[in-house]
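I sat down with a new structure today and kept notes as I went. Here is what I looked up, in the order I looked.

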Amino acid sequence: MFERFTKDARAVVQGAVEHAERAGAGSVDAEHLLLALLDREAGRASFALAALGLAERGDAVREALGEARRRAGLSQADAEALAGLGIDVSEIVARVEEAHGVGAMSGDRKDKGWSGRRSFGRGAKETLEKALRIAVARRDRHIGDEHILLALTVRPGVSGEVLADHGVTYESVVRVLYGGGEAKAG
């Protein structure tokens, strides 16, 4: 499948691997793909993110992803569902961090002795597979970074939720990239 990736899409995947390595994560996940997209200054996805105003709010997106990582990867919707059952995720995180240190629930591996290639977690695999499906459905010959962005917007979970919270949805990205007009995040 990677032979169909554009130079920009390959750079996003490589950037995601680098984010996972810096975080000490055992595998690359969808959130790492989003972080890599935010880092890019070229490509169609960067254009769409800038047009939707996310370029100026990149730090807020990074912060929201970090908060989700502290909650062991639970999205805000997951935390709210658990709250409906009487489970206070914030309280659990606070108690675990009190006993084991800040970020203890993040799943990040802080042992720098692990080396080798990072595997791709289920979220990253599903995102890349969805990017392929989106490209095929649009009858595009290659998978670009814009297809990865579109896949992140439709995949349930933290990345899609954070993007939606910042006004970046599948519809808004399609409108910017293919609709001929300029979308306003809102």
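My entries below go from confidence to the core, then to one helix and the salt bridges.

**Entry 1: confidence**

I began by noting that this is a predicted model. I looked up the average pLDDT and found 83 for the protein, with 75% of the residues scoring at least 70. Next I asked which element has the lowest mean pLDDT and which the highest. Helix α6 (residues 89–100) comes lowest at 65, and α8 comes highest at 97. I also marked two stretches to read with care. Over residues 109–114 the pLDDT stays under 50, and the model has 8 contacts there beyond four places in sequence. Residues 181–186 also stay under 50, with 11 such contacts.

**Entry 2: the core**

I then turned to the nonpolar core. The largest one has 42 residues, and Leu 37, Ile 148, Leu 149, Leu 152, Val 168 and Val 173 have the most contacts inside it. I checked who supplies it: α1, α2, α3, α4, α7, α8, α9 and α10 each give at least two residues. Helix α2 gives the most, with 7 residues. A general point helped me here: in soluble globular proteins, nonpolar side chains tend to be buried together.

I picked Val 168 for a closer look. Leaving out residues up to four places away in sequence, Val 168 touches Leu 49, Leu 52, Leu 54, Leu 149, Thr 153, Leu 163 and Val 173.

**Entry 3: helix α7**

I checked the length of α7 next. Its 16 residues should span 22 Å at 1.5 Å a residue, and its end C-alpha atoms are indeed 22 Å apart. Which residues of α7 are buried? I found Gly 123, Ala 124, Thr 127, Leu 128, Ala 131, Ile 134 and Ala 135. These buried residues lie on the same side of α7, because they cover an arc of only 130° around the axis. They pack against α1, β1, α2, β2, α8 and α10. The face turned away from this buried side carries the exposed residues Arg 122, Arg 133 and Ala 137. Just after α7, I noted that Arg 139 takes a positive phi of about 60°.

**Entry 4: salt bridges**

How many salt bridges does the structure hold? I looked it up, and there are 6. Side chains of opposite charge can pair when their charged atoms come close.

I started with Asp 8 and Arg 40, whose side chains meet with N and O 2.6 Å apart. This pair links distant parts of the chain, with Asp 8 in helix α1 and Arg 40 in the loop between α2 and α3, 32 residues apart. Arg 40 counts as partly exposed because its relative accessibility is 24%.

Glu 146 and Arg 44 came next, with their closest N and O atoms 3.7 Å apart. They also link distant parts of the chain: Glu 146 is in α8 and Arg 44 in α3, 102 residues apart. Is Glu 146 buried or exposed? At 7% relative accessibility, Glu 146 counts as buried, whereas Arg 44, at 36%, counts as partly exposed.

My last pair was Arg 62 and Asp 59, at 3.8 Å between the closest N and O atoms. Both lie in helix α4, 3 residues apart, about one turn of the helix. Asp 59 counts as exposed at 63% relative accessibility, and Arg 62 is partly exposed at 31%. I closed the page by noting that Asp 39, Asp 59 and Arg 62 are linked in a network of salt bridges.

Methods:
Residues numbered from 1 in each chain as written. Predicted model: local features only at pLDDT ≥ 70, side-chain atom pairs only at ≥ 80, totals over all residues. Heavy atoms only, no water. Salt bridge = Lys/Arg side-chain N within 4 Å of Asp/Glu carboxyl O. Helix = DSSP H or I, 4+ residues; strand = E, 2+ residues; numbered from the N terminus. Buried < 20%, exposed > 50% of the residue type's maximum accessible area, 1.4 Å probe, protein only. Core = buried A, V, L, I, M, F, W, Y, C linked by side-chain atoms within 4.5 Å. Contact = heavy atoms within 4.5 Å. Expected span 1.5 Å × (residues − 1). Arc of directions from axis to C-beta. pLDDT = per-residue confidence, 0-100.
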